[in-house]
Amino acid sequence: SPAPYFQLASVLEKQGRKDDATRIRAQVRRNEVGSYGWFKRMFARAFFWPVHYGASPCRALGLMLGLFIAFVASVAWLKSSEQMAPTATGIFRDSCYYGATTCVENLGAWQEVRIAIPSPKLRYVPPDYPRMSPLEFGLEAFVPLFSFGQRQHWAPASPAVRLILAVVAFLGIFLGSLFAAAVSGLLMPRSA
């Protein structure tokens, strides 16, 4: 029965030991989740484990920051290995994008973009086309409120890599949401 543990947590809290009280309440939540059926237990753990069952929202924040750093590092590596490609749809119809001889623009002023996947090729984008920035790309992916124009102008050339980055960004948003929910009290351990 969780009632004695909640009483112990209340006593500890009155003694000024709030961390110990929170830890006991979190353990009650962990035991409660452990008694669920398999599917419900896995679902509940996905929500409660990153915030240490409400005792430590910073775990979710740390995981999110770790994913963000890995995401930005991956995008920087993709950029340096020429695996990021322009994606603005209007540019694909322009003959200058392909460096065709029918291009009426001065290609010397256009930015060269080398794309190594699926086969090495050289493309050209207008001088005012946004330059690829891994940090801005990552911020747009992890904080949808930001809009630097990176994700609408750049994407990995490989669909598989695009999918992997989308999954990592989703996990980052999920962990950030759990952190916000835990800090606001929605995922805090219950008192009774």
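Reader: Hi! Which residues in α4 meet which ones in α7?
Author: Happy to help, and keep in mind that this is a predicted model. From α4 the residues are C58, A60, L61, L63, M64, L67, F71, S74, V75 and L78, and they meet V161, L165, V168, A169, L171, G172, L175, G176, L178 and F179 of α7.

Reader: How many nonpolar, polar and charged residues does that contact have?
Author: The contact of α4 with α7 has 17 nonpolar and 3 polar residues, with no charged ones.

Reader: And how do the two helix axes cross?
Author: Helix α4 covers residues 58-80 and helix α7 covers residues 159-184; their axes come within 8 Å and cross at roughly 155°. An angle over 145 degrees counts as roughly antiparallel, so that is how α4 and α7 run relative to each other. Their crossing is left-handed.

Reader: Nice. Switching topic, where is Q83?
Author: Q83 sits in the loop between α4 and β1 (84-86).

Reader: Is Q83 buried or exposed, and why?
Author: Buried, because its relative accessibility is 14% and the cut-off for buried is under 20%.

Reader: What does Q83 touch?
Author: Leaving aside residues up to four places away in sequence, Q83 touches W77, L78, I117, A155, P156 and A157. You have already met L78, as one of the α4 residues in the contact with α7.

Reader: What about α2 and α3, which residues meet there?
Author: R29, V33 and G34 of α2 meet R41, A44, R45 and F48 of α3. By class, that contact divides into 3 nonpolar, 1 polar and 3 charged residues.

Reader: And at what angle do those axes cross?
Author: Roughly 155°, with the axes of α2 (residues 18-34) and α3 (residues 38-48) coming within 9 Å. The two helices are therefore roughly antiparallel.

How values were computed
Residues numbered from 1 in each chain as written. Predicted model: local features only at pLDDT ≥ 70, side-chain atom pairs only at ≥ 80, totals over all residues. Heavy atoms only, no water. Axes fitted to C-alpha atoms, helices over the stretch in contact; angles between N-to-C directions. Helix = DSSP H or I, 4+ residues; strand = E, 2+ residues; numbered from the N terminus. Parallel < 35°, antiparallel > 145°, perpendicular 65-115°, else oblique. Contact = heavy atoms within 4.5 Å. Nonpolar A, V, L, I, M, F, W, Y, C, P; charged D, E, K, R; others polar. Left-handed = near helix turned anticlockwise from the far one by under 90°. Buried < 20%, exposed > 50% of the residue type's maximum accessible area, 1.4 Å probe, protein only.
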